[in-house]
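Open the model in your viewer and keep the selection tool at hand. We will go from stop to stop, and at each one you will hear what to select and what is there.

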Amino acid sequence: MVTLIVATTSDPASINPAAALLAMPGWIVGPILPPDIKSFSNKQTRVIQHDRSIVKEDDLDLRWEEATGEVIDEVIFLSRHTAVSNRPALTVHPIGVLHLKDGESPPQGGKPGWAALPNPRIGPWFRLLKKMAEAHGLVPEFEITLEATHHGPITNKPTMFLEIGSTEEYWKRDDAAQVMALLMWEGLGLGGGEAVGNWNSETGKRKVLLGIGGGHYAPRHMDIVLKDDIWVGHLLSGYSLPMEDPTQTKTTPVENYIGGNWRQSIKAAFEATKAAFPGGEILAHLDHKSFKGWQKKAITEFLAEESINVGKPNDFT
């Protein structure tokens, strides 16, 4: 497997973990990715550094393949995280812009209705990150959390973001950068150990959580993911499921029709998750308390129509 790690020099929360990783043994200078993107190689891992916004450089996986002839298996982006709370955090999440309709302009890269393949490492690495952060004294100061699916850039291979938040003080923290670097070093097996989070449907548990509903940090989904052997697909927060209340709609094409992009959002998230986990058992997990009655009814009926199985917390054990 060839892993592509992407960092940008314009973001300390991106370039600092990359620099900490590159300070570890075994790296050699790699080819320049046109027009001027530097690269470094170590075993089956490639680190590239550009100077633009992390969400603006699309198709880096395909561009690398075209330039080098190597086939990329997964993409990992390093980035800053921002939050209204300003709370320090280390986060992991899949990417996509599922809630927007064609013609709408994504403010943070990607394209409307698109979902990247979620990287199968998201669940295992989230659990490993939590252990590492605790072992290095970052907890409880830093919150270790998943985030819901959001933003770009466009990729074609299984993808995840690793982020440090939530203000410049923390983006520049060396200890946070070191933990992120260790996560990649150990998680990819660069230190000689076994890589963490390689998907294989023929060994171990095959259940994959598709999160539907809840807030951006998905606490009810995260409670399940913290259990061992749970894999993570897309996580659709409430804002990624735009639904129009039929009682508030002046004209309805069909009786009780619920407008909005929620159906397309769920379907695209499911299809991308299914493609990322061949042979896996995809189970939708609903944050029931986050929905009104008419929303929950509509979503569960749509899931049944699409033959998407729903799992309760105990179904993931």
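Helices (H or I, at least four residues) and strands (E, at least two) are DSSP runs here, numbered from the N terminus. Residue numbers start from 1 along each chain as its sequence is written. This is a predicted model, in which local features need pLDDT of at least 70, side-chain atom pairs count only at pLDDT 80 or more, and totals for chains, interfaces and linings use all residues, while side-chain values use heavy atoms and leave out hydrogens and water.

**Stop 1: unusual backbone**

Start with Ser166, which is found in strand β10. Show the bond before this residue: Gly165 and Ser166 are joined by a cis peptide bond, with omega about 5°. Now select Gly152 and Pro153, where there is a cis peptide bond with an omega of about 10°. Pro153 sits in the loop between β9 (143-146) and β10.

Stay in that loop between β9 and β10 and pick His151. His151 is not a glycine, yet its phi is positive, at about 60°. Is His151 buried or exposed? With a relative accessible area of 9%, His151 is buried (buried means under 20% relative accessible area, exposed over 50%, and partly exposed in between, with a 1.4 Å probe and protein chains only).

Next, jump to Ser307, in the segment after α8 (293-305). Ser307 also is not a glycine and has a positive phi of about 60°. Ser307 is exposed, with a relative accessible area of 61%.

**Stop 2: helices around α5**

Two packed helices are described by the angle between their axes and the distance between the axes. Axes are lines fitted to C-alpha atoms, for helices over the stretch in contact, and angles run from 0 to 180 degrees between N-to-C directions.

Select α1 (residues 12-22) and α5 (residues 174-187): they pack at about 55°, with axes 8 Å apart. That angle makes α1 oblique to α5 (under 35 degrees counts as roughly parallel, over 145 as roughly antiparallel, 65 to 115 as roughly perpendicular and the rest as oblique). The crossing of α1 and α5 is right-handed (the near helix is turned clockwise from the far one by less than a right angle; anticlockwise would be left-handed).

Which residues of α1 and α5 meet? Show Asn16, Pro17, Ala20 and Leu21 in α1, and Ala177, Gln178, Met180, Ala181, Met184 and Trp185 in α5; contact means heavy atoms within 4.5 Å. By class, this contact has eight nonpolar, two polar and no charged residues (Ala, Val, Leu, Ile, Met, Phe, Trp, Tyr, Cys and Pro count as nonpolar, Asp, Glu, Lys and Arg as charged, and the others, Gly among them, as polar).

Keep α5 and add α3 (residues 122-135), which packs on α5 at about 130° with the axes 10 Å apart. α3 is therefore oblique to α5. This crossing of α3 and α5 is right-handed. On the α3 side, look for Trp125, Leu128, Leu129, Met132 and Ala133; residues on the α5 side include Val179, Met180 and Leu183. The contact of α3 with α5 has 10 nonpolar, one polar and one charged residues.

**Stop 3: aromatic pairs**

Rings of Phe, Tyr and Trp (its six-membered ring) pair if their centres lie within 6.5 Å; planes under 30 degrees apart count as stacked, over 60 as edge-to-face and the rest as tilted. The count by this rule is six aromatic pairs.

Select Phe77 and Phe161, a stacked pair with 4.9 Å from centre to centre and 20° between the planes. Phe77 is in strand β5 (residues 74-82) and Phe161 in strand β10 (residues 159-166), 84 residues apart. Phe77 is buried at 1% relative accessible area, and Phe161 is buried at 0%.

Then show Trp199 and Phe277: their ring centres are 5.0 Å apart and the planes stand at 85°, so this pair is edge-to-face. Add Trp231 to see one aromatic cluster of Trp199, Trp231 and Phe277.

**Stop 4: Val208**

Finish on Val208 in strand β11. Val208 is buried, at 0% relative accessible area. Leaving aside neighbours within four places in sequence, the contacts of Val208 include Trp199, Trp231 and Phe277.
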